[in-house]
Amino acid sequence: MEEYMGAPVAGDADAPASPDTDLVPQVVVLSAPTEDRLRAVASRLLEFLPAQADLSLADLAHTLQRGREAMDCRLALVAGSLKELIAALAHYLDGSEETAPVPLFTGTAGRDASDLDQLLSGPAGDTLVRELLAENHLEKLALLWARGGRVPWSSVPRGGRTPRMLRSLPPYPFDRKRYWVPLPPGPDATTAIAVPAAATAPPAAIAPAADPAAGAADRITVIVAELLGMRADDLDLATPLEDFGFSSIHATQLLQTLQAEVDPLADFSALSECRSTRDLVRRFGSETGAPAAAPARVPEIVHLNTAREGRPVFWFHGGLGGVEVYASITGSIERPFYGVQARGWMTNSDPLHGIPALAEHYVQIIRTVQPEGPYDLGGYSFGGLLAYEVTRRLQEQGATVESIVMVDTYDDSVGDVTMSRTDMLLQQVNALLFAASKPAPEDFATVLVPGRAVDWDQDEDGLLDQMLTLARERGLKGDAQVLRAQVLRNLRVQESYGLLDYDIVPLPRPESVTCFYFRNQSGLFYGEMEPLFSTQEDGAVLDHTVYWAEWQRQLPNFHQIDVDAANHFVMLGDPAALTAVRSFCKLFYAGRRDRRLPVAKAWATRHQKARGTK
């Protein structure tokens with residue numbers, strides 16, 4: 001599809017254009033729905049201008065201001081001649097970081113206009129615009145329009161002449177997409193319109209050599225779009241990812257896929273420098289190396305740090321299913337650190353049912369990465385329980401597990417406390433909101449959705465709709481249907497654990513394992529944040545429960561490390577607790593193997609003595 005160009009109208013733009021003689025500066029504006037289309041518009045205009053020696057800059061500016069719809073992605077520049085305009089367009093398309101040859105402004109009306117609307121609303125805003133027009137302040141008018149403001153172009157001074165509307169400008173470059181008629185149901189489906197052969201891929205024997213970098217860039221775009229529940233064609237590469245609802249949960253999934261399919265060396269540090277899909281393409285899209293090794297192709301495992309040498313460390317997911325919470329402790333660890341997330345977490349894979357099945361699957365995963373022991377395992381909350389069960393399976397296979405690090409891990413005694421499906425629903429919604437907003441612990445109560453704000457006298461569909469509405473009011477972004485599907489999918493994973501049916505079984509060789517246990521000394525599981533994580537009146541029954549006692553009985557080399565946290569849920573979010581866990585892991589997962597355990601035990605002893613505890 002192309003823009004229709006009507007027949008010239010006599011006496012209008014059909015007449016010879018007036019060449020610029022007074023070189024009065026003009027504001028030239030271009031816009032499009034996305035930045036990609038905006039660049040295409042600018043590119044077409046740049047190709048068009050060199051052959052238009054008699055084109056009037058004033059007529060061109062007037063036509064673009066008055067004759068084209070203003071869309072969200074905008075480019076405005078102030079040029080005094082066609083030569084300056086050509087240089088400015090080339091500068092914009094090159095993406096140069098040097099100073100533009102003329103005043104040049106870009107912006108997105110959807111993102112930038114809300115603050116402007118508040119600033120320029122009412123009589124004060126009208127007065128400001130009138131003053132800019134009276135002073136002929138073209139640069140400020142261009143900036144205002146580029147950031148989503150409204151400019152009455154008919155009131156802009158034109159240098160004593162009345163400009164004309166041109167009809168010979170390049171047409172708008174519509175995005176080229178194909179839409180195929182779906183096959184009708186029933187036995188007559190064979191009579192449906194077939195996809196033309198030209199739309200299919202050419203045979204491999206005659207296919208032109210593909211550009212690996214272009215393929216990687218396209219794949220990155222598709223990966224991001226799939227994570228966000230969007231069509232790749234609808235993803236604006238320049239829009240900040242956070243505007244789409246991209247969160248730390250998405251970042252972990254993106255990292256895993258990048259490692260497997262695009263760049264084996266991708267890491268959180270490089271990922272954190274990318275604000276948009278275009279940044280991701282620039283950072284990772286030029287990679288043409290071999291895909292990641294076999295371990296990274298397992299959907300449940302994510303390499304969370306940059307270390308490539310040394311014996312790996314494996315930490316298992318907590319109760320919600322993800323491993324993004326471990327990113328805050330892995331940066332300074334010198335050995336490869338892998339997070340193992342739940343099967344089905346943020347994916348369409350069917351979850352595994354029961355802790356034994358989870359442990360069996362995770363043994364296969366870690367032995368794919370590290371075929372032989374000794375192994376170092378760990379995890380926060382439910383992840384520590386999984387580490388214990390995986391240890392038992394590995395020992396039954398004759399392997400050696402050297403250490404388990406548990407961060408406030410509960411034992412099987414919590415099975416006596418029933419967690420309802422509505423509890424899990426509230427936790428999953430708040431998990432998405434937490435990942436998107438990253439509130440400090442003291443801000444949880446104002447950012448997360450409290451149970452008291454929900455009307456519980458409705459069915460589950462109504463509950464989830466209301467929870468998501470409340471979460472969106474508190475900053476959760478993204479398509480409502482996509483968010484709903486994520487919550488239900490992750491809820492299915494959480495329910496599949498079968499914690500109520502689990503009983504701790506002794507290890508074959510418990511004396512060969514050293515366990516370091518980080519305990520929340522406050523003894524609070526929910527604490528003051530009970531309304532954010534529980535919907536039951538007796539949710540506080542877990543507070544001050546000694547839910548680590550069974551680990552102490554089962555593991556003779558058990559070393560308790562007390563830390564301060566407001567409750568169980570912020571153990572890796574509270575600064576004091578996080579600092580202690582991070583410092584220990586940096587020390588423990590470094591140095592010679594024969595010295596690591598004595599050094600770690602000495603650290604734990606000093607830490608406890610400094611706190612005045614036994």
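**Notebook: helix contacts and two sheets**

I began with the contact between two helices of this predicted model, and I found that Arg421, Thr422, Leu425, Leu426, Val429 and Leu433 in H14 meet Glu460, Leu463, Leu464, Met467, Leu468 and Ala471 in H16. Sorting the residues of this contact by character, I noted nine nonpolar, one polar and two charged.

I then looked up the geometry of the pair: helix H14 (residues 421-437) and helix H16 (residues 460-473) pack at an angle of about 25°, and their axes are 10 Å apart. Angles under 35 degrees count as roughly parallel, and I therefore entered H14 and H16 as roughly parallel to each other. For the handedness I wrote down that H14 passes H16 in a right-handed crossing.

Next I followed H16 to another contact, with helix H17 (residues 480-495), where the axes come within 11 Å and cross at roughly 120°. H16 and H17 are therefore oblique to each other, and I recorded their crossing as right-handed. On the H16 side I listed Glu460, Asp461, Leu464, Asp465, Leu468 and Arg472, which meet Ala480, Leu483, Arg484, Val487 and Leu488 in H17. What is the make-up of the contact of H16 with H17? I noted six nonpolar residues, no polar ones and five charged ones. Going back over the two lists, I saw that Glu460, Leu464 and Leu468 of H16 appear in the contact with H14 and also in the contact with H17.

**The seven-stranded sheet**

I turned to an open sheet of seven strands, whose order I read as E4-E6-E5-E7-E8-E9-E10, with mixed pairing. Which strands stand at the edges? They are strand E4 (301-303) and strand E10 (557-563), and because each has a single partner strand, one side of each is left without a neighbour in the sheet. Ignoring direction, I found neighbouring strands of this sheet turned by 20° against each other on average.

Within this sheet I checked strand E5 (residues 313-316) against strand E6 (residues 337-340), and they pair in the parallel sense over four bridges; one entry for the register is that Val313 has Phe337 in E6 as its bridge partner. I also looked for helices on the sheet, and helix H13 (residues 382-396) packs there, touching E5, strand E7 (375-380) and strand E8 (401-407), with its direction at about 155° to that of E7. Helix H21 (residues 593-610) packs on the sheet as well, touching E7, E8, strand E9 (514-520) and E10, and its direction makes about 45° with that of E10.

**Aromatic pairs**

My count of aromatic pairs came to 22. Among them I looked at Phe518 and Phe584, an edge-to-face pair with 5.5 Å centre to centre and 75° between the planes. This pair links distant parts of the chain, since Phe518 lies in strand E9 and Phe584 in helix H20 (residues 575-588), 66 residues apart.

**The three-stranded sheet**

Last, I looked up an open sheet of three strands in the order E1-E2-E3, where the pairing is antiparallel. Strand E1 (26-32) and strand E3 (104-108) stand at its edges, each with a single partner strand, so one side of each is left without a neighbour in the sheet. The twist from one strand to the next averages 15°.

I found seven bridges joining E1 to strand E2 (residues 73-79), and noted Val78 in E2 as the bridge partner of Val27. Helix H1 (residues 35-48) packs on this sheet, touching E1 and E2, and its direction makes about 135° with that of E1. Helix H3 (residues 82-94) lies across E1, E2 and E3, and I noted that H3 runs at about 145° to E2.

Conventions:
Residues numbered from 1 in each chain as written. Predicted model: local features only at pLDDT ≥ 70, side-chain atom pairs only at ≥ 80, totals over all residues. Heavy atoms only, no water. Axes fitted to C-alpha atoms, helices over the stretch in contact; angles between N-to-C directions. Parallel < 35°, antiparallel > 145°, perpendicular 65-115°, else oblique. Left-handed = near helix turned anticlockwise from the far one by under 90°. Contact = heavy atoms within 4.5 Å. Nonpolar A, V, L, I, M, F, W, Y, C, P; charged D, E, K, R; others polar. Pairing = 2+ DSSP bridges. Phe/Tyr/Trp six-rings, centres within 6.5 Å; stacked < 30°, edge-to-face > 60°.
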